[in-house]
Amino acid sequence: AIARSVDEMAVVYAADAVHEFPFTRPGLPSRLEGREEILRFTTAVWETNAFSYNRYRTLAIHDTGDPNTIVVEQDALGTSAATGDFALPNIVVLTARDGQVAHLRDYVNILAADAVMGG
């Protein structure tokens, strides 16, 4: 995501991966199914050039008892054309399979994300 590399993203996600956004706004998907759909959506967002990520700041990592699933509290740090520098808080529930993301639930703070986009 930082490098905006489709090739690197393709390696990260399993072919049948699911990426969910439990908190979203009208007009945006709440669920993306399959690597190709995830890459299409991600690429379309990158092409808006409305913002870019510079790095992620991990606040906490929580064990779930499932060796394939973790919960990560983090801030996505970046720059927005509308607002300048930002820290976008989110929580990610990530399940891996064979070294790739199989299921990711991305609990982004929708109000903060809207502000980053200039809304």
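Reader: Charges to begin with: how far apart are the mean positions of the positive and negative ones in the protein chain?
Author: They are 3 Å apart, taken over 9 positive and 16 negative charges. Lys and Arg count as positive, Asp and Glu as negative, with His and the chain ends not counted; each charge is placed at NZ of Lys, CZ of Arg, CG of Asp or CD of Glu.

Reader: And what am I looking at, model-wise?
Author: A predicted model, where local features need pLDDT of at least 70 and side-chain atom pairs pLDDT 80 or more, while totals for chains, interfaces and linings use all residues. Residues are numbered from 1 along each chain as its sequence is written, and side-chain values use heavy atoms, without hydrogens or water.

Reader: OK, the fold. How many helices and strands?
Author: Three helices and six strands, in the order α-β-β-α-β-β-β-β-α along the sequence. These are DSSP runs numbered from the N terminus (helices H or I, at least four residues; strands E, at least two). The radius of gyration is 14 Å, close to the 14 Å of the globule rule for 119 residues, so the chain is as compact as a globular protein of that length. That radius is over C-alpha atoms, and the rule is 2.2 Å times the number of residues to the power 0.38.

Reader: What share of the residues is buried?
Author: 33% of the 119 residues. Buried means under 20% relative accessible area, exposed over 50%, partly exposed in between (1.4 Å probe, protein chains only).

Reader: Which residues make up the largest nonpolar core?
Author: Twelve of them: M9, Y13, A14, A17, F21, L32, I38, L39, W46, V92, V101 and L104. At least two core residues come from each of β1 (13–20), α2 (35–47) and β6 (100–108). A core here is a set of buried Ala, Val, Leu, Ile, Met, Phe, Trp, Tyr and Cys residues joined through side-chain atoms within 4.5 Å.

Reader: Take L104. What is it in contact with?
Author: Beyond its neighbours within four places in sequence, L104 contacts Y13, V18, H19, E20, V92, V93 and L94, a contact being heavy atoms within 4.5 Å. Apart from the largest core there is another, of nine residues, including F86, L88, V108 and V116.

Reader: Switching to backbone: what's phi at D98?
Author: Near 55°, which is positive in a residue other than glycine. D98 sits in the loop between β5 (84–97) and β6, and D98 is exposed at 74% relative accessible area.

Reader: And where does R4 lie?
Author: In the segment before α1 (6–12). R4 also has a positive phi, near 55°, but R4 is partly exposed, with 26% relative accessibility.
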